[in-house]
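Dear colleague,

I am handing over the structure that you will be working with from now on. Please have a look at it before you read the notes below.

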Amino acid sequence: MKILLIDPPFYRLFGFYNRYFPIGVTTVGTALRAAGHDVSVYDADCNENPTDMDYARLPEKYMRYLNSFKDENNPIWNEVKQTIKDFDPDIVGVSIWTTFAASAFHIARICKEIKPSAPVVMGGPHAAVKAEEVLKLSYDVDYVVRGEGEITVSELLQYLEDKKNKLSAIAGLAYREDGAIRLNSSRDNTKDLDKFPFPDRTLLMSESRYTSEDMGLIMTSRGCPYGCTYCSTDTRRVSYRSIDNVLKEIRLVKEKYGTSQFSFKDDSFTVNRKRVEDLCDRLIKEKFNINWECNTRVNLINDDLLLKMKRAGCNSIKVGIESGSERVLKEMNKGITHDQVRNAAKLFRKVGIHWTGYFMMGVPGETVE
């Protein structure tokens, strides 16, 4: 089957630059191509010529985003329409995040206008927690994938091709049947991540438009053991790729794209300290000579770990601070204190690793103070 996987435009509609290739749809696309399908990944948010870089001013541009849906001459949406027409897919997959859900729904509507017979499948963080709502809000969406998509989408495509299996037997799928919305049982998260191929960046329609650093996005694990109330992660168990498997992907990307700056986007990269130390030891011993950044938590670091990470090439760490209110942190079930934040800041400064703090504004129950 001809499958077009789309990462919807969002930052590009504001005039902003969006970093990195869309790893989610590319990972699913790689699995589908391995199953024999003709797959392309269309990153409609890829913007080579941004007009703005100050993300603090993003809210001021929001009306520009909303007005784009009404503008029949918007060049980005016209590009989306033309791309769908030119590819002529048998099925379309769309990534949906809460922040750009409107864009995902707009793409579903465009798909049905251009080719009504092509089923539209949605997956991603928003789909994981709002599958039923997605189907209620948009009748242009035929199927919603909750959680990991590689196996679920492969089984769905097999059903669409031969109709031998039952939709109800496909774990992790949501759909309509006889006028009702059906939510199948959840699919267990994969423990052995090494069985999945690396995300094949050559599936990207706009592969040449990415920088070497954009191609350096890597996930070495899935899941997070913490229970922050705002998070879409649907499992408290962490599954890991083997270190050999991770290093193999780093080598491949470095050789193909000349990448020297990588980004490990695991939910909490240092949750397994021994594994991080082993990875750092290998990076040092085998002289990879790369730099990299990661995300982690302020309660998952110490001097020795940070020093080893720096020697292995770590030059930037991002941590979630979220709120200046201890009360709000508790209501978020964040599991950290401001003392831990201050201690982490001192450690980062001491070791000499650049760091960034994530914050959330407008949490339910939060006050201006």
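What follows is a description of the protein chain as a whole, and then of three residues in its loops.

Please keep in mind throughout that this is a predicted model. The protein chain holds 12 helices and 14 strands, and its C-alpha atoms fill a box of roughly 60 × 50 × 40 Å when this is taken along the principal axes. A compact globule of 369 residues would have a radius of gyration near 21 Å, and because the protein chain has 21 Å, its value agrees with that expectation. Of the 369 residues in the protein chain, 50% are buried. As for how the chain folds back on itself, 73% of the contacts between residues at least 6 apart in sequence join residues that are at least 24 apart.

Turning to the surface, the protein chain exposes about 17700 Å², and carbon and sulfur atoms supply 49% of that area. The chain carries 53 positive and 52 negative charges, and the mean positions of these two sets lie 4 Å apart.

Two residues come up because of their backbone angles. Most residues other than glycine have a negative phi. Y20, however, has a positive phi, near 75°, and is not a glycine; this residue sits in the loop that runs between α1 (11-14) and α2 (23-34). N333 is likewise not a glycine and has a positive phi, of about 60°, and its place is the loop between α11 (326-332) and α12 (338-351).

Is each of these two residues buried or exposed, or in between? Y20 has a relative accessible area of 10%, which is under the 20% limit, so Y20 counts as buried. N333 has a relative accessible area of 43%, which falls between the limits of 20% and 50%, so N333 is partly exposed.

The last residue to look at is D200, which lies in the loop between β7 (180-183) and β8 (217-218). Its relative accessibility is 16%, and because this is under 20%, D200 counts as buried. Which residues does D200 touch, if those up to four places away in sequence are not counted? The contacts of D200 are then with T26, T30 and R33, and you may like to find these residues in the view above as you read.

With best regards

Terms used: Residues numbered from 1 in each chain as written. Predicted model: local features only at pLDDT ≥ 70, side-chain atom pairs only at ≥ 80, totals over all residues. Heavy atoms only, no water. Helix = DSSP H or I, 4+ residues; strand = E, 2+ residues; numbered from the N terminus. Buried < 20%, exposed > 50% of the residue type's maximum accessible area, 1.4 Å probe, protein only. Contact = heavy atoms within 4.5 Å. Rg over C-alpha atoms; globule rule 2.2 N^0.38 Å. Areas by Shrake-Rupley, 256 points an atom, 1.4 Å probe, with all protein chains shown as cover. Lys, Arg positive; Asp, Glu negative; His and termini not counted. Charge placed at Lys NZ, Arg CZ, Asp CG, Glu CD.
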